[in-house]
Amino acid sequence: MPAPYRTPPVPPRAARAAAAGCLAACLAAAGCASPGAADDDVADDDTTPDGNSGTGFQGRAVDRVDPFVGTGGMGFGVGSAFPGPSAPFGMVRPGPDSSSDFGAPGFYHCSGYWYEDAYLDGFSQVRLHGIGVADLGNVLLMPTSGMDGAKTDEEGWRSPYSHDTEEARPGYYAVTLDDTGIRVELSATVRAGVHRYTFPAGLDPVVIVDPSHALGENSCPSARVDVGAEDGVVEGWTLHQGGLAGRGDGVVVYYSLRFDPPPASSGTWTDGVLAEGSPSAEGGADVGAWLRFDLPEGGEVAVEVGISFRGVEAARGNREAEVAGQSLGEVAAATEAAWEEALRVVEVEGGTEEEQGIFYSALYHSMLMPDVLTDADGSYRGFDGEDHVADGFVYHSNMSLWDTYRTQHPLLALLAPGRQRDAVISLVRMYEQGGALPQWPAGTADSGSMVGESATIVIAESYLKGIVDFDVETAWEGMVAGADGTLPPGVGYGGRPGLEGYVERGWCAADEVGGATSVTMEYANDDHALSLLADALGREEDAARYRERSRGWRGLFDPETGFLEGRFADGTWAERASDVTWEDWYTEANAWQTVWSVPFDPPGLIEAMGGEEAFVARLSEFFDLSAQQADTALFDPYYWHGNEPDIHAPWLFVEAGRPDLAQRWVRWVMDTKYRLGPDGLDGNDDGGTLSAWYVFAALGLYPVAGTDRYWVGAPLFPRATLHLDGGDLAIEAPGAGAEAPYVAAAALDGEPLADPWLTHDRIASGGVLAFELSGAPADWGR
C-alpha cells in the first residue's frame with residue numbers, strides 16, 4: 001500500500017543565476033515567461049528570497065502549488081491529474097506512469113499516474129491533464145540495472161516506489177526507485193524535456209527506451225527506434241491509437257533523445273527478442289531499445305528529449321532549440337520562472353494557507369491545456385495532414401471543449417487573452433484545413449468526443465469580450481456551416497447530428513439522436529452564442545433566427561414532471577426509471593442534473609417552472625438533497641460537481657433574485673468539493689475545467705458561457721489583484737473568509753453595484769471591485 005499523502009517538501013526558493021538565452025527565447029516564442037535564474041543543484045537548494053511584489057502579496061506563487069492535487073481519488077472521484085513537470089500549455093510533459101498488482105486500468109490512468117499505485121512503470125513524455133479518457137503516454141524511458149529478456153515488458157522493469165521520496169513543484173519532479181535506489185529527476189520546457197538519473201555504485205546502469213508504450217488499454221501498432229551509440233542520440237516514431245486519437249487514424253509522435261554520457265553499448269528488441277548491438281528496430285507494438293553506461297562508481301545520466309507531431313527532424317529541432325547543452329537545474333529554474341510569471345497574473349492576499357494552496361493549485365491546473373503544437377521553427381501539422389506555418393500566433397490543440405467552454409476558456413479570456421486568441425485562431429485554422437470546427441481536437445485531428453459545437457461558444461464569447469484580432473468572417477463561416485448543415489461532403493467530423501429534426505421541431509428526438517435531450521441543450525446554447533455574435537457583427541436576421549432556435553428546448557420541458565425529458569419524434573414522452581438514473585437521452589447526467597442546463601436562458605426556465613418563487617424552491621430542493629448525500633466513489637445523484645452539465649447551477653439563484661442563496665451554495669461547493677492532496681478534486685479536471693471554476697468562485701465572479709456577462713458572488717480572499725492586459729483589477733473584500741460568505745454591498749470604481757452581475761467591458765480595463773461582506777444573508781442584489 002502507498003504511504004499516506006503528505007504535503008510535498010518546501011521546494012527550493014533560490015534566486016537563480018540566469019538560464020541560457022536560447023531557452024528564454026523559445027519560452028517567450030511560445031507565450032511563456034522568460035526564465036529567471038538557475039542553480040543546477042535543484043534538489044538541495046533551500047534558500048529563500050524576499051519575494052514581495054509591492055501589492056501585499058508575500059512570497060512566491062509557485063510555492064503555493066501542489067501538483068499532487070487531483071492525482072488520486074476513487075471511482076468517479078478520480079481527478080486524472082499528473083504530478084510531473086510541464087511548462088504552461090506545454091507540448092511535452094515527462095512524468096511517471098504507474099500501476100498496481102492489478103495493472104493500470106485506463107479510467108484511473110488517463111494521465112498515466114494514480115496516487116494509490118504501488119509501482120512506477122517508467123517515465124513517458126506526453127500526456128493530457130485531467131481528462132476522462134486515457135491517451136498518449138508515449139516514448140517511455142526507464143532506468144534500471146542490467147538487461148535481459150524479461151525487461152522487454154513493463155512487468156520486467158517496473159519498480160516499487162514510496163511517496164516519501166517523491167517531490168513535485170511547477171517544472172520539476174523527482175522520485176527514487178525502490179528496487180535499485182536510482183534517483184529520477186524530470187523537467188520540461190514547452191517542446192522538450194530533460195531527465196536526470198543518478199545511479200548508485202554497484203549497479204549495471206541501463207536505460208530502457210520503449211517508444212510503443214501507451215496509457216491504459218491504448219496501443220501503438222507500429223513504432224521505430226534508431227540508436228546512435230557513438231553520439232548517444234536515439235530517434236524514431238510511434239503511431240499512437242489512444243482513447244481520443246484512436247477515434248480517427250491515430251497520431252504519429254516523433255522523438256529525438258540525446259544521452260550524456262553516450263552509452264558504452266546498446267541494443268534493440270522486437271517482439272521480446274533481444275538484439276545486442278542492433279542499431280535499429282521497427283515493427284508492431286513490441287519494439288524498443290536499451291543503452292548501457294559505464295559507471296562503475298555510480299553517477300549521472302542526463303537525457304535531452306525532443307518531441308514533435310511533424311517528424312523526427314522537427315523533434316530534433318525542438319530538442320536542440322530548447323534544452324541542448326543545458327542542465328536539468330537550468331531547465332527547471334527557467335520553467336519555474338515561467339510558472340511564477342503566469343501564476344502572478346492573480347495575486348491574492350489573506351485567507352488560510354490551505355485556501356491559498358487550493359487557489360494556486362487550481363490556477364496552475366487551469367494553465368496546462370490547451371497544448372502548444374507549434375514546433376520551435378514555427379510550423380505545425382494541420383488537420384489536413386500537411387505542415388503549415390503559424391504566422392503571428394501559436395497553434396494549439398488538445399481542447400476538451402465540451403468541458404472547458406464553461407470555465408477554463410472564459411478564464412483565459414480574462415487573464416490571458418493573448419493565449420485565448422491563439423486558441424481561437426487555432427480553431428479557425430482547424431476549420432480551414434480540416435473542413436469543420438472540431439468538437440474535441442486531439443493532436444492533429446478531431447476526436448469527435450462529446451456533443452454540441454462548443455467551439456462556437458468559445459469563439460463567440462472571445463469576440464464579445466474584445467478578443468477580435470482574428471479572422472472572424474472565416475470563423476463565422478465555419479460556425480454557420482455546422483449550425484446549418486452546410487459542411488462540405490466527406491469532412492468526416494464536426495457538424496450537428498439530428499440537425500434536421502432540431503430545426504424543424506426545436507429539439508432533438510430520443511429515437512433519432514443519442515443523448516437527444518442533452519444534445520438539444522448544447523445546440524440551443526451554441527445558437528444563443530451565435531445570436532449574440534451575429535448581433536455584434538450587425539447580422540440582424542441571423543441573430544433573430546439563431547435566437548429563436550435557441551428557445552426550442554422548451555419543447556422538452558414536461559410541466560407534469562418538472563424536468564427536461566426525452567421525447568420521441570411523434571411528440572410522445574419517453575419514460576424514465578427514476579429522477580436520478582442515467583437515460584439514453586441524457587449525456588453524462590440524469591434528469592435532476594440536466595434540468596438546469598439553461599444558463600443561456602434562465603428567464604425561460606424560471607417561467608417554465610412557474611415563476612421565481614417556484615424556481616428558487618426547486619433549486620433549493622436540489623441543493624438540499626445534494627448536501628444530504630455522502631461523497632462516495634459513485635457519481636452524485638443530485639448536484640454533481642465532478643462533471644460538467646450542472647456546475648453552473650448554484651449561480652442560477654442570481655437570476656431568480658436570490659444571490660444570497662448563490663453565495664451560500666457556491667461556498668458549500670468550495671468547502672466540500674476542493675481540498676489539497678491527491679483526492680483534492682471531485683472528479684476529472686477535464687483540461688482545467690473544475691480548477692477554473694474554483695478560481696472564478698474564489699474571486700467572486702462566474703462567467704455565463706457564450707456571453708460577455710459574469711455573475712457576481714462573495715470573494716474568498718480579502719484582496720485579489722488581477723493584472724489584466726487593460727490594467728489592474730483590485731477585488732477588495734475586507735473580512736472575507738469562512739465567517740463572511742454573503743455580500744451586503746458592492747461597488748465598482750466607487751459606484752454602487754446594484755445588480756449581482758456585470759459585463760466584461762466594465763472590468764477589462766481594471767479598476768476596483770469592492771465588497772462589504774456579512775456573516776448572514778443580506779438583501780443586496782435582490
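**Exercise 1. Locate Val139 in this predicted model, and decide whether it is buried or exposed.**

Step 1. Val139 sits in the loop that runs between β4 (119-124) and β5 (140-145).

Step 2. The relative accessibility of Val139 is 0%, and since the cut-off for a buried residue is under 20%, Val139 counts as buried.

Step 3. The backbone of Val139 deserves attention as well, for its phi is near 55°, a positive value in a residue other than glycine. Most residues other than glycine have a negative phi.

**Exercise 2. Find the loop that holds Asn398, and describe its phi and its burial.**

Step 1. The loop in question lies between β24 (396-397) and α6 (401-404), and Asn398 is found there.

Step 2. Although Asn398 is not a glycine, its phi is positive, at about 60°.

Step 3. With a relative accessible area of 5%, Asn398 is buried.

**Exercise 3. State which residues are joined by the cis peptide bonds that lead to Pro261 and Pro370, and where these prolines lie.**

Step 1. Asp260 and Pro261 are joined by a cis peptide bond with omega of about 5°, and Pro261 has its place in the loop between β14 (251-260) and β15 (265-270).

Step 2. The bond from Met369 to Pro370 is also cis, with omega near 0°, while Pro370 belongs to the loop between α5 (353-365) and β21 (371-372).

Step 3. As background for both cases, most peptide bonds are trans.

**Exercise 4. Describe the surroundings of Trp157, using its contacts beyond four places in sequence.**

Step 1. Trp157 is part of helix α2 (residues 154-157), and at 1% relative accessibility it counts as buried.

Step 2. Once its neighbours within four places in sequence are left aside, Trp157 is in contact with Asp121, Leu140, Met142, Lys151, Thr152, Ile208, Asp210 and Trp269.

Step 3. For a sense of distance, Trp157 and Asp204 are 47 residues apart in sequence, and their C-alpha atoms are 14 Å apart in space.

**Exercise 5. Identify the residues that touch the most other members of the largest nonpolar core, and follow the contacts of Leu722.**

Step 1. The largest nonpolar core has 118 residues, of which Phe359, Leu363, Trp596, Trp693 and Leu722 touch the most other members.

Step 2. Helix α18 (residues 689-699) supplies the largest share of this core, namely 9 residues.

Step 3. Apart from this core lies another, of 98 residues, which includes Val139, Leu295, Ala442 and Ala475.

Step 4. Leaving aside neighbours within four places in sequence, Leu722 is in contact with Val345, Val346, Leu414, Leu415, Leu699, Gly727, Asp728, Leu729 and Ile731.

Step 5. Two of these partners, Leu414 and Leu415, are among the buried residues of α7. In helix α7 (residues 408-415), 8 of the 8 residues are buried, so this helix is largely enclosed by the rest of the structure.

**Exercise 6. Work out how the radius of gyration of the chain agrees with that of a compact globule, and add the overall figures.**

Step 1. For 782 residues, a compact globule would have a radius of gyration near 28 Å, and the 26 Å of the chain agrees with this.

Step 2. Along its principal axes, the C-alpha trace spans about 80 × 60 × 50 Å, and the chain has 18 helices and 36 strands.

Step 3. Of the residues of the chain, 64% count as buried, while the accessible surface comes to about 24800 Å², with 49% of that belonging to carbon and sulfur atoms.

Step 4. Among contacts with a separation of 6 or more, residues 24 or more positions apart account for 70%.

Step 5. The chain carries 47 positive and 121 negative charges, whose mean positions are 3 Å apart.

Notes:
Residues numbered from 1 in each chain as written. Predicted model: local features only at pLDDT ≥ 70, side-chain atom pairs only at ≥ 80, totals over all residues. Heavy atoms only, no water. Core = buried A, V, L, I, M, F, W, Y, C linked by side-chain atoms within 4.5 Å. Buried < 20%, exposed > 50% of the residue type's maximum accessible area, 1.4 Å probe, protein only. Helix = DSSP H or I, 4+ residues; strand = E, 2+ residues; numbered from the N terminus. Contact = heavy atoms within 4.5 Å. Rg over C-alpha atoms; globule rule 2.2 N^0.38 Å. Areas by Shrake-Rupley, 256 points an atom, 1.4 Å probe, with all protein chains shown as cover. Lys, Arg positive; Asp, Glu negative; His and termini not counted. Charge placed at Lys NZ, Arg CZ, Asp CG, Glu CD.
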